[in-house]
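Me: I'm new to this one. Could you pick a single part, take a close look at it with me, and then show me how it ties in with the rest?

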Amino acid sequence: PPPILDLPQIRQTRCDLRWIHRSRTELPPPAILLNIDFVDVDDVCAGAQYLVEQGLADANRLCIDGGSAGGFTTLAALAFRDVFTAGCSMYGVADLTALAGDTHKFESRYLDGLVGLYPKDEAIYKERSPIESIDTLKCPILLLQGDEDKIVPPNQSEMMHGALLEKGIMTCLKMYEGEQHGFRKAENIQDALDSELSFFRQVFGIDVDDEYELKIDNMKQK
């Protein structure tokens, strides 16, 4: 059975929006299939904006998180759209070009049907890679990664972290020893949740009695 997690409590009202990738629920037509990565970005942005319009969310405190493909959606939404104000990417893709050459054999051609044929369509890979759009990034980003991930190698998070550091954006990279694509150990699952909560609490200036204090790089002094 999954571990029982003791989650810290926040004294502010919170509204969660969870989305399912369109590619998981229907077979997209070819025109959408080759743009499914940005269809997901548009979907989450539209959902978040709807919550703001309904008075259910604060436009200044919209955060997004996701793992794997959801991690890519998180980074892409922050890089290419101006909706969310902070994010957490868990073992997400930052550089599609690098992933095309680094991922394991089983998924080595996975991106061909989602982005284009590589290396023929390398320009599209670069255009859609969040790492190539650092100039448009201005939101705090937390990166959580397993050091033995063969599907989305650790260098994806390391490259993004380095780029954010250089630009002076608030960020943090946590590398979990012995973890692969998705966290399995109960203590790491708990730590990832604690880290994400602490990260958003600090960057949004939410005062909570919480003993867990995540160290954030480029953290602005109050």
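Reply: One bit of vocabulary before we start: two strands count as a pair if DSSP finds at least two bridges between them. Also keep in mind that you're looking at a predicted model.

Let's zoom in on strand β3, which covers residues 141-146. Its partner is strand β4, residues 171-176; the two run parallel, and 6 bridges join them. If you want a spot to start from, find Ile141 and look across to β4: the residue standing opposite is Thr171. Between the two strands the chain passes through helix α7, residues 155-167, and β3, α7 and β4 together make a right-handed β-α-β unit.

Now go to the other end of the strand, to Gly146, which also belongs to β3. Is Gly146 buried or exposed? It's buried, with a relative accessible area of 0%. Setting aside residues up to four places away in sequence, Gly146 touches Pro154, Met175, Tyr176, Glu179, Gln180 and Phe183. Two of those, Met175 and Tyr176, fall within the residue range of β4. There's a neat link to Glu177 as well: Glu177 is 31 residues away from Gly146 along the chain, yet their C-alpha atoms are separated by 6.3 Å.

Back to Ile141, since this residue leads us into the interior. The largest nonpolar core has 31 residues, and Ile141 is among those with the most contacts inside it, along with Cys45, Leu78, Phe84, Leu137, Met160 and Leu164. As a general point, nonpolar side chains tend to be buried together in soluble globular proteins. Here β3 supplies at least two residues of the core, as do α3 (36-53), α4, α5 (96-102) and α7. The biggest giver is α4, with 6 residues. Leu137 shows how these pieces meet: leaving out neighbours within four places in sequence, this residue is in contact with Leu78, Ala79, Met160, Leu164, Lys167 and Ile169. There's also a second, separate core of 19 residues, which includes Ala86, Met170, Ala192 and Leu214.

Just ahead of the strand there's a contact of another kind. The side chains of Lys138 and Asp82 meet in a salt bridge, at 3.4 Å from N to O. Lys138 sits in the loop between α6 (122-127) and β3, while Asp82 sits in the loop between α4 (69-80) and β2 (86-90), so the pair ties together parts that are 56 residues apart in sequence. Both partners are exposed: Lys138 has a relative accessible area of 56%, and Asp82 has 63%.

How many salt bridges does the structure hold? There are 6. One of the others joins Lys126 and Glu132, at 3.7 Å from N to O; Lys126 is partly exposed at 36%, and Glu132 is partly exposed too, at 46%. Another joins Lys215 to Asp217 at 3.6 Å, with Lys215 exposed at 64%.

Finally, how far can you trust the picture? The mean pLDDT of the chain is 82, and 73% of its residues reach 70 or more. Two stretches to treat with care are residues 1-12, where pLDDT is below 50 and the model has 16 contacts beyond near neighbours in sequence, and residues 29-34, also below 50, with 11 such contacts. Where pLDDT is low, the predicted coordinates should not be read in detail.

Definitions and conventions: Residues are numbered from 1 along each chain as its sequence is written. This is a predicted model: local features need pLDDT of at least 70, side-chain atom pairs count only at pLDDT 80 or more; totals for chains, interfaces and linings use all residues. Side-chain values use heavy atoms; hydrogens and water are left out. Helices (H or I, at least four residues) and strands (E, at least two) are DSSP runs, numbered from the N terminus. A crossover is right-handed if, with the strands pointing away from the viewer, the path from the first strand over the helix to the second runs clockwise. A salt bridge is a side-chain nitrogen of Lys or Arg within 4 Å of a carboxyl oxygen of Asp or Glu. Buried means under 20% relative accessible area, exposed over 50%, partly exposed in between (1.4 Å probe, protein chains only). pLDDT is the predictor's confidence in each residue, from 0 to 100. Contact means heavy atoms within 4.5 Å. A nonpolar core is a set of buried Ala, Val, Leu, Ile, Met, Phe, Trp, Tyr and Cys residues joined through side-chain atoms within 4.5 Å.
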